[in-house]
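Below is a walk through selected parts of one protein model, meant to be read with the structure open. It takes helices, sheets and a single residue in turn.

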Amino acid sequence: MEKINSGVIIRNGKPVKGEKTEEGRKKTIAYRIMSAHDTGHEEGMFHIRFDSLTSHDITYVGIIQTARASGMKKFPMPYVLTNCHNTLCAVGGTINEDDHQFALSAAHKYGGIYVPPCLAVIHSYNREMMSGCGRMILGSDSHTRYGALGTMGIGEGGGELAKQLVGQTYDIARPEVVLVYLTGKVRPGIGPHDVALALVGATYADGFVKNRVMEFAGPGAASLSQDFRNGIDVMTTETTCLSSIWTTDETTHAYFKDHGREDAYRQLSLEEGAYYDRCIMLDLSAIDSMIALPMHPSFALSIKELKKDPLKYLSEAEERADRQLNGKVEMHLKDHVDEKGQIHIDQGVIAGCSGGIYENIVAAAHILEGASTGNGEFRLSVYPDSQPVYKALVDNGTISTLVSAGAVVREAFCGPCFGAGDTPANHEFSIRHTTRNFPNREGSKPNEGQIAGVALMDARSIAATAANGGILTGADELAEDTQPIVPMHFDSSIYAKRVYDGWGRADESYALRFGPNIKDWPEQPSLSDALLVKIVSHIDDPVTTTDELIPSGETSSYRSNPLRLAEFTLSRRDPVYVSEAKHVQKEDRDRKEGRYSEELKQVCEAFKAAGHAFDPSLVNFGSAIYANKPGDGSAREQAASCQRVLGGAANFAHEYATKRYRSNCINWGMIPFVTEEGEKLAKGSYVLIVNAKQALEEDRPYEAYVLKDGKAEALHIETGALTEEEREILVQGCLINYYKSLKA
């Protein structure tokens, strides 16, 4: 794989080094699609209205509640409400099913599309029913990626969907575009996860495609089946790119035709003279069976390389995990290596929008035909990604083959991807064709002494390992071709019989159905002239994921109840954060009633003595955290909103891992500061931004000071580029307040 950190131009259908021109930049597929959805006339900016929206049952309640509070009367575009996350209705009593009933009633009232639980995972339904060449889809899930079907998908926090629902736009500076030029053909045993993990491993750490659009093309792309392309594409999220798009061809055309939507196809091709800011040259024939070791998809290497020296690589993984978990719990990966150097695996899972794809499961079954997963420690679970896929697998005998080999076949459910299904035992080693292997994504609780190791692998290698009794085996070690051609028949009647499609048929009189756990957002204060914050958590980890900011798994049941969910904020990374934030919040309530704690009095006096006096009755006072690089992973807005409802007023970071997390902070009224002086922001220190409101309104530098051990010193902070609307949202205190101000 070659990364070219300079511009290339398409000449005779191939990339060659060339100089950037404005005309060339406008010839990329990505630019053509985004400009077609641009409603503004601002040079260098896009103001996008999407063709459709999509959410699942962890996020849609909060989005609809936000949009309702902001004045929404009906959905202005198709909005797909899937139910593939909070589908274990025994968790939390009735509250998960209460959310589902809320969504169904909202689909009636506002004109939405309701996909019942276990019928399809969010991205599979959107691939099958909502994608289309040249379209754009915005989803409140980070893996909103449909580029292989000619559709630009973007995953964002719920605030961005709420904006679309009230007629506003998705505003973004024109992103750079990276050409991923594929050559060669994959070898037997190689699947889409192998290609994806190699790509993530090569691009994540150095941010090569961060916040850029990845555009896939080349003869290698044309050699891949549509399912294979989809399987690579959904994992582009893990590179931290903004979105993805592929050239389309007769393979794509056949997919749409087979799904009864031939009119959704049009050819998207490389255009002569198109300019790309960067380029990745990827030879598919050079890809081996891959594995991403705990605890990130970018810790990727070939299975062949791992097996040469397992103790070395597993020791490195243990050391990384120990640093990441601050020594709270030890991961025992080396214990899985026997005296022969073989690595013993306890569990295999093939699931979700990346693993549960039809061809992955067919290939796994082909490897397992006549074999046995064994009756020892190892077990295998398979989750087809939609009911139409499940039916096709039943019809062609694939399900029978899997069950006969000892696999357990489950429903369309995203649980194994975020800790709500097939949680391993403590210290077990699980291999998964899912999207992520972050800490506790498999369901363990490191802060309670639990840990399990999760490695990402392709379904083919998981099946090869299963057939070998749980001993780690790459599918490229098998002699035979592991990718049989078994065409899928898509039965659209399954959706016709169960999906409620209310698009274009909103019924304003229809009553929303609320459960006792569905609560409105607490009111948030607008910004005053000055802002005073106390740092209640300081995190120096290289990266802080959204799963650490607000854990997934069993907490998901409370995502419709802002205050109850907030009790879990940072619980697996900084267990005292909630109590510390609540203490500041109580001090703020007392302050507003004229009662000042001794600590707050001393802080005010210390700043005054340093020449930075302020009126404590007029200042905004709240808590804040410092994290080196927060926000990698999920798009869910609760990673920010939970801090806000606990009184969070700002975040400080060296940089933000993703645009979507930064956007979540903005939409919830927490100023996303960046600073090179993070060492000054120790836990317990106070930061005073004297001109917070004025700096936002007038785009001026911030005048900030940090108080530590009674001494105040200047602190250099910035927010980076903010749109005019983002500045006003921060001044108003949150997105809901902003829309209320527009109506006032």
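**Helix packing, sheets and a buried tyrosine**

G469, just after helix α18, takes a positive phi of about 70 degrees. The model is a predicted one, and the numbers in this text are computed from it.

The helix that comes before G469 is a convenient place to start. Helix α18 is mostly covered, with 8 of its 9 residues buried. The buried residues are A459, R460, S461, I462, A463, A464, T465 and A466.

What does α18 pack against? One partner is helix α14: α14 spans residues 358-368 and α18 spans residues 459-467, and the two pack with their axes 8 Å apart, at an angle of about 25 degrees. Angles under 35 degrees count as roughly parallel, so α14 is roughly parallel to α18. The crossing of α14 past α18 is right-handed. On the α14 side the contact uses E359, N360, A363, A364, I367 and L368, and these meet A459, R460, A463, A464, A466 and A467 of α18. Sorted by class, the contact of α14 with α18 has 9 nonpolar, 1 polar and 2 charged residues. Several of the α18 residues in this contact, including A459, R460, A463, A464 and A466, are also on the list of buried residues of that helix.

A second helix pair can be read in the same way. Two packed helices are described by the angle between their axes and the distance between the axes. For helix α6 (residues 158-165) and helix α25 (residues 659-667), the angle is about 65 degrees and the axes are 8 Å apart. Angles of 65 to 115 degrees count as roughly perpendicular, and α6 and α25 are therefore roughly perpendicular to each other. G158, G159, E160 and K163 of α6 make the contact with S663, N664 and N667 of α25. By class, the residues in the contact of α6 with α25 comprise no nonpolar, 5 polar and 2 charged.

Next come the sheets. One open sheet has 6 strands in the order β9-β8-β5-β6-β7-β23, with mixed pairing. At its edges are β9 (152-155) and β23 (500-501), each of which pairs on one side only. Within this order, strand β5 (residues 52-55) pairs with strand β6 (residues 79-81) in the parallel sense, over 3 bridges. T54 has V80 in β6 as its bridge partner.

Another open sheet is made of 3 strands in the order β3-β2-β14, and here the pairing is antiparallel. Its edge strands are β3 (14-17) and β14 (275-276), each pairing on one side only. Strand β2 (residues 8-11) runs antiparallel to β3 and is joined to it by 4 bridges. R11 stands opposite K14 in β3.

The last stop is a single residue, Y255, which lies in helix α10 (residues 250-258). Is Y255 buried or exposed? Buried means under 20% relative accessible area; Y255 has 9%, so it is buried. Leaving aside its neighbours within four places in sequence, Y255 is in contact with R127, E128, L149, Q226 and N230. Y255 can also be placed relative to M488: the two are 233 residues apart in sequence, and their C-alpha atoms are 9.9 Å apart in space.

Key:
Residues numbered from 1 in each chain as written. Predicted model: local features only at pLDDT ≥ 70, side-chain atom pairs only at ≥ 80, totals over all residues. Heavy atoms only, no water. Pairing = 2+ DSSP bridges. Axes fitted to C-alpha atoms, helices over the stretch in contact; angles between N-to-C directions. Parallel < 35°, antiparallel > 145°, perpendicular 65-115°, else oblique. Left-handed = near helix turned anticlockwise from the far one by under 90°. Contact = heavy atoms within 4.5 Å. Nonpolar A, V, L, I, M, F, W, Y, C, P; charged D, E, K, R; others polar. Buried < 20%, exposed > 50% of the residue type's maximum accessible area, 1.4 Å probe, protein only.
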